[in-house]
Amino acid sequence: MDYIPLMCYAPTMERLNEKKQDGFKGEWMFVLPTETFQAYAEHPQVRRLYLTDVGFFPHAAQHYRERKEGIEEYIFIYCMEGSGIIELNGGTRIVLKENEAFCIPGNCGHKYYACQENPWSILWVHFKGEDVAYYPLEECRVVKFQSINSSSRMLSLFELLLRVLGGNYTLGNFIYISQVLSLILGETYFREKDYTTLEQNKHVTNVIRFMYKHLQENLTLEEVAREFDFSKSYLHAIFQKYTQHAPMDFYIQLKIKEACKLLRSTDLYIYEIGMRLGYKDQYYFSRIFKKVTGVSPKEYRENGAVHYEE
């Protein structure tokens with residue numbers, strides 16, 4: 001296959017490295033000749049996410065783009081610094097700021113432009129493919145990158161695109177580009193960025209560890225909330241969010257899973273296992289065990305069958 005040059009403007013690795021040191025310098029852009037590589041675009045691993053254009057516009061004063069009917073591809077924009085405006089048909093208007101990303105859906109009329117007082121520097125990519133449905137691209141929401149690490153990862157991913165696009169046109173490179181695109185979207189939409197979310201997750205983790213240490217007791221919701229200085233409503237809300245269970249239902253499941261382990265690995269009597277887990281009444285323990293697992297402790301010990309309730 002003959003080498004066909006891309007439409008580009010001074011694409012060098014040094015440009016991306018400069019940003020990491022003291023700021024990007026110079027504009028670059030790649031436009032893939034889609035029709036030339038239609039066979040590649042139809043490959044199962046490429047057609048999932050297929051890049052058509054990608055580029056970087058630094059300090060893009062006077063930058064303006066309008067497409068009243070939109071385009072087939074999705075347009076992903078990551079603002080590295082400065083700010084700009086994105087307007088969608090229907091009246092949606094977004095101010096995109098430093099370390100924020102936004103994706104314009106395919107076939108959505110739009111215009112976007114740099115703010116005059118502090119024009120943006122943006123990395124952008126046009127893409128399409130079968131996997132677009134698996135990302136929340138139609139929600140038209142701004143994603144804020146909270147940490148330096150997350151913005152550095154985004155720069156590194158675009159750097160990977162630049163490296164590959166500066167090489168040869170091979171099927172392997174097209175597959176690689178598709179995978180890097182999925183990482184860019186995954187970094188944007190699926191990697192946790194919200195500090196509040198991380199704190200909530202940490203709270204749930206700490207409470208579960210506390211529950212594990214007290215399986216032999218009969219903790220109440222009030223006792224757990226008091227231990228961590230949480231309100232009962234907050235504790236209930238974060239457990240529902242991260243475990244899909246109420247806190248004390250989750251605690252009971254931990255107890256029953258421990259009972260299953262003891263039934264498999266020891267010769268303790270069923271009432272002894274119940275006592276170890278805070279159940280003084282053997283029959284009550286057996287009822288709880290069967291409610292959670294679908295079988296009695298005796299049946300579980302004999303055949304190991306278990307069906308946890310969701």
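This report walks through a predicted protein model, from its overall make-up to one helix, some strands and a few salt bridges.

## Ground rules

The model is predicted, so local features need pLDDT of at least 70 and side-chain atom pairs count only at pLDDT 80 or more, while totals for chains, interfaces and linings use all residues. Residues are numbered from 1 along each chain as its sequence is written, and side-chain values use heavy atoms, with hydrogens and water left out.

## The big picture

Let's start with the whole protein. The protein has 11 helices and 10 strands; these are DSSP runs numbered from the N terminus (H or I with at least four residues for helices, E with at least two for strands). Of the 310 residues, 48% are buried. Here, buried means under 20% relative accessible area, exposed means over 50%, and partly exposed is in between (1.4 Å probe, protein chains only).

The accessible surface comes to about 16700 Å², and carbon and sulfur atoms hold 49% of that. These areas come from the Shrake-Rupley method with a 1.4 Å probe, and for residues only the protein chains shown count as cover. Now for contacts, meaning heavy atoms within 4.5 Å. Among contacts between residues at least 6 apart in sequence, 71% join residues at least 24 apart.

## Helix α8

Helix α8 covers residues 247-265, which is 19 residues, and at 1.5 Å a residue it should span 27 Å. The expected span is 1.5 Å times one less than the number of residues. The end C-alpha atoms of α8 are indeed 27 Å apart, so the two values agree.

Which residues of α8 are buried? Among them are P247, M248, F250, Y251 and Q253, and further along come A259, C260, L262 and L263.

## Strand β5 and its neighbours

Strand β5 (residues 83-88) is mostly covered, with 5 of its 6 residues buried. Strand β5 pairs with β6 (residues 93-97) in the antiparallel sense over 5 bridges; two strands pair if DSSP finds at least two bridges between them. In β6, K97 is the bridge partner of S83. The two strands form a hairpin with 4 residues between them, and G90 in the turn has a positive phi of about 110 degrees.

Strand β5 is also joined to β8 (residues 110-114) by 5 bridges, and these two run antiparallel. In β8, A114 is the bridge partner of G84.

## Salt bridges

A salt bridge is a side-chain nitrogen of Lys or Arg within 4 Å of a carboxyl oxygen of Asp or Glu, and by this rule there are 11. One of them joins E130 and R47 at 2.9 Å, N to O. Because E130 lies in the loop between β9 (121-128) and β10 (143-144) and R47 in the loop between α2 (38-41) and β2 (50-57), the pair ties together parts that are 83 residues apart in sequence. E130 counts as partly exposed at 47% relative accessibility, and R47 does too at 35%.

R48 and D131 also meet in a salt bridge (2.8 Å, N to O). This pair links distant parts of the chain, with R48 in the loop between α2 and β2, D131 in the loop between β9 and β10, and their positions 83 residues apart. R48 is partly exposed at 42% relative accessibility, whereas D131 is buried at 11%.

R163 and E159 make a salt bridge too, at 3.9 Å, N to O. They are 4 residues apart in helix α3 (residues 148-165), so about one helical turn separates them. E159 is buried, with a relative accessible area of 9%.
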